[in-house]
Amino acid sequence: QTTQDSCSSNTNLANFNGRISFDVSSLNCFSVWTSEDFILRYSQAGPSLWSFVLSTPNTNSYIGMGFSPNGGMVGSSAVVGWVGRDGTTSMRRYFLGGQTPSQVLVDQGDLQIVGNTSTIFVDSSRIYMAFQLVTDQPRQRLVYSVGDSNNLPPSTPSYRLTQHRSQIAIRMNYATGQSSQTKAPYSNLKRAHGILNMMAWGILIPIGAMVARYLKHLDPLWFYVHSGVQSLGFILGLAGVIAGFVLDDRLDARVGKHKGLGISILVLGCLQVLALLVRPSIDAKTRQYWNWYHHSVGRLMILFAIVNIFYGIHLAKAGTSWNVGYGVVLGIYAITIVILEIKMLRKK
Ligand code: HEM
Ligand code: HEM
């Protein structure tokens with residue numbers, strides 16, 4: 001049976017005075033993560049000393065509270081604790097160096113925790129994790145997480161964590177206790193990168209290619225439309241790739257293959273633009289080689305772009321709406337191409 005803890009029933013905390021060795025009589029109390037019922041109590045206990053008591057339901061999983069430099073998980077220093085079924089307790093510091101288990105490092109990070117005052121215990125099906133931090137002012141950006149249920153981290157020697165089943169990033173005002181959920185860092189830049197690249201390499205450039213293939217009878221209009229659309233696509237795509245480099249730098253994202261494909265696409269795009277400049281005249285003998293070259297590079301580029309769009313969506317876990325959205329665009333293209341190819345064959 002879960003016994004409730006809430007900020008209005010501060011009574012039980014008083015009873016913990018025996019178990020928590022620092023003064024808990026005047027802690028501020030706020031609900032910091034409603035859906036997981038995380039309650040944080042804190043106060044400044046001295047010139048450079050802050051007390052924290054985190055209270056959460058005990059779901060037989062680890063709980064984590066991290067102090068973040070930028071609002072995201074990566075780069076944060078966290079306190080993570082859990083209580084085994086047999087009552088054994090663990091509470092360790094971690095440096096969250098990346099989003100894979102091997103980059104989350106035990107006993108590291110920049111938190112200075114007062115060792116002999118930290119404690120973790122279960123009372124009435126809730127975990128209480130108490131610690132004191134040596135700092136003038138704790139960071140305002142906090143990250144919280146809950147591990148998989150019934151899958152506690154191994155104790156000695158590794159203490160290695162696995163990914164949480166739930167997580168949140170918030171911004172906390174210690175003076176007022178107000179906290180608000182924040183977006184993952186650079187989510188707008190990620191979006192801009194995805195939309196620019198999708199629009200440019202995945203939508204505009206294929207349209208430009210189709211114009212060149214299927215609207216040749218509208219001479220010379222097709223050529224102006226083709227070079228216009230492709231130039232616009234190239235410029236937007238260049239901006240999108242640059243956004244990718246910035247993202248990669250800021251997020252420390254480890255997206256090697258995605259980056260490699262992206263650079264290849266940009267290089268092929270540059271070759272296409274250069275090729276336009278050195279195009280032999282329409283009746284020159286070399287023109288058919290040029291055509292062959294320009295068409296194959298263009299097709300390869302579009303193929304790479306389609307792959308990299310779905311791969312990027314996968315890496316960013318951007319969700320099914322992105323996949324469906326671009327999938328519909330591709331479907332429309334495929335149907336258009338089939339119809340127009342049949343028309344062309346009939347004319348011959
Ligand atoms: C081995 C341990 C860990 C692994 C493998 C891991 C992995 C990940 C992954 C893959 C994401 C991205 C999820 C998505 O985009 O849907 C993520 C996000 C997040 N994680 Fe972790 N994590 C670990 C530990 C922690 C801990 C201990 C905390 C907090 C104390 C935490 C807090 C967060 C938060 C707040 C986010 C969302 C914001 C962001 O993406 O930066 N993580 N984590
Ligand atoms: C022209 C080629 C490229 C295409 C079509 C492309 C497409 C995408 C798409 C659709 C997303 C998902 C966006 C979202 O979540 O809203 C994405 C994410 C991403 N892309 Fe690209 N991209 C390209 C090139 C690059 C390059 C050159 C880099 C540089 C390293 C890069 C770095 C990233 C990063 C870091 C993410 C976020 C991954 C994460 O959240 O873990 N992209 N890309």
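Angles under 35 degrees between helices count as roughly parallel, over 145 as roughly antiparallel, 65 to 115 as roughly perpendicular and the rest as oblique. Such angles run from 0 to 180 degrees between N-to-C directions, and the axes are lines fitted to C-alpha atoms, for helices over the stretch in contact.

This is a predicted model, in which local features need pLDDT of at least 70 and side-chain atom pairs count only at pLDDT 80 or more, while totals for chains, interfaces and linings use all residues. Residues are numbered from 1 along each chain as its sequence is written, chains are lettered from A and ligands numbered from 1 in the order in which they are written, and side-chain values use heavy atoms, with hydrogens and water left out.

**Stop 1: helices α2 and α3**

Helices (H or I, at least four residues) and strands (E, at least two) are DSSP runs, numbered from the N terminus. Select α2, residues 187-214, together with α3, residues 221-251. Their axes come within 8 Å and cross at roughly 155°; α2 and α3 are therefore roughly antiparallel to each other. The crossing is left-handed, a term used if the near helix is turned anticlockwise from the far one by less than a right angle (right-handed if clockwise).

Now keep α3 alone. Does its length agree with what 31 residues should span, or disagree? The expected span is 1.5 Å times one less than the number of residues. For α3 that gives 45 Å, and the end C-alpha atoms are 44 Å apart, which agrees.

Look at both ends of this helix. Just after α3, aspartate 252 takes a positive phi of about 50°. On the other side, in the loop between α2 and α3, is proline 220. The peptide bond leading to proline 220 from aspartate 219 is cis, with omega near 0°. Most residues other than glycine have a negative phi, and most peptide bonds are trans.

Back in α2, pick lysine 190. It is partly exposed at 33% relative accessibility; buried means under 20% relative accessible area, exposed over 50%, and partly exposed in between (1.4 Å probe, protein chains only). Draw a C-alpha to C-alpha distance from lysine 190 to serine 90: the two are 37 Å apart in space and 100 residues apart in sequence.

**Stop 2: the iron atom of ligand 2**

Which protein atoms are donors to the iron atom of ligand 2? They are His193 (NE2) and His258 (NE2), lying 1.9 to 2.0 Å from the iron. Donors are N, O and S atoms within 2.8 Å of the metal (3.2 Å for Na, K and Ca); water is not among the atoms, so sites may look incomplete. The pair links distant parts of the chain, with histidine 193 in α2 and histidine 258 in α4 (residues 256-277), 65 residues apart.

The six donor atoms make angles of 86 to 180°, and the site is octahedral. Six donors count as octahedral, and four as square planar, if opposite donors are over 155 degrees apart and all others between 65 and 115; four count as tetrahedral if all angles lie between 85 and 135 degrees, and anything else is irregular. Histidine 193 is buried at 14% relative accessibility, and histidine 258 is buried at 16%.

**Stop 3: the iron atom of ligand 1**

Move to ligand 1, where Met73 (SD) and His164 (NE2) are the protein donors of the iron atom, 1.9 to 2.1 Å from it. Methionine 73 lies in the loop between β4 (63-67) and β5 (77-83), and histidine 164 in the loop between β10 (141-146) and β11 (166-172), 91 residues apart. This site is octahedral, with angles of 87 to 178° among six donor atoms. Methionine 73 is partly exposed at 22%, whereas histidine 164 is buried at 19%.

In the loop between β10 and β11, select tyrosine 159 as well. Its phi is near 55°, a positive value in a residue other than glycine. Tyrosine 159 is buried, with a relative accessible area of 12%.

**Stop 4: α4, α5 and the loop that follows α5**

Select α4 and α5, whose axes are 9 Å apart at an angle of about 150°. They are therefore roughly antiparallel to each other, and their crossing is left-handed.

Finish in the loop between α5 (287-315) and α6 (320-347), where alanine 318 is found. Alanine 318 is partly exposed at 28%, and its C-alpha atom is separated by 29 Å from that of proline 153, 165 residues apart along the chain. Lysine 317 lies in the loop between α5 and α6 too. Its phi is near 50°, a positive value, and lysine 317 is exposed at 70% relative accessible area.
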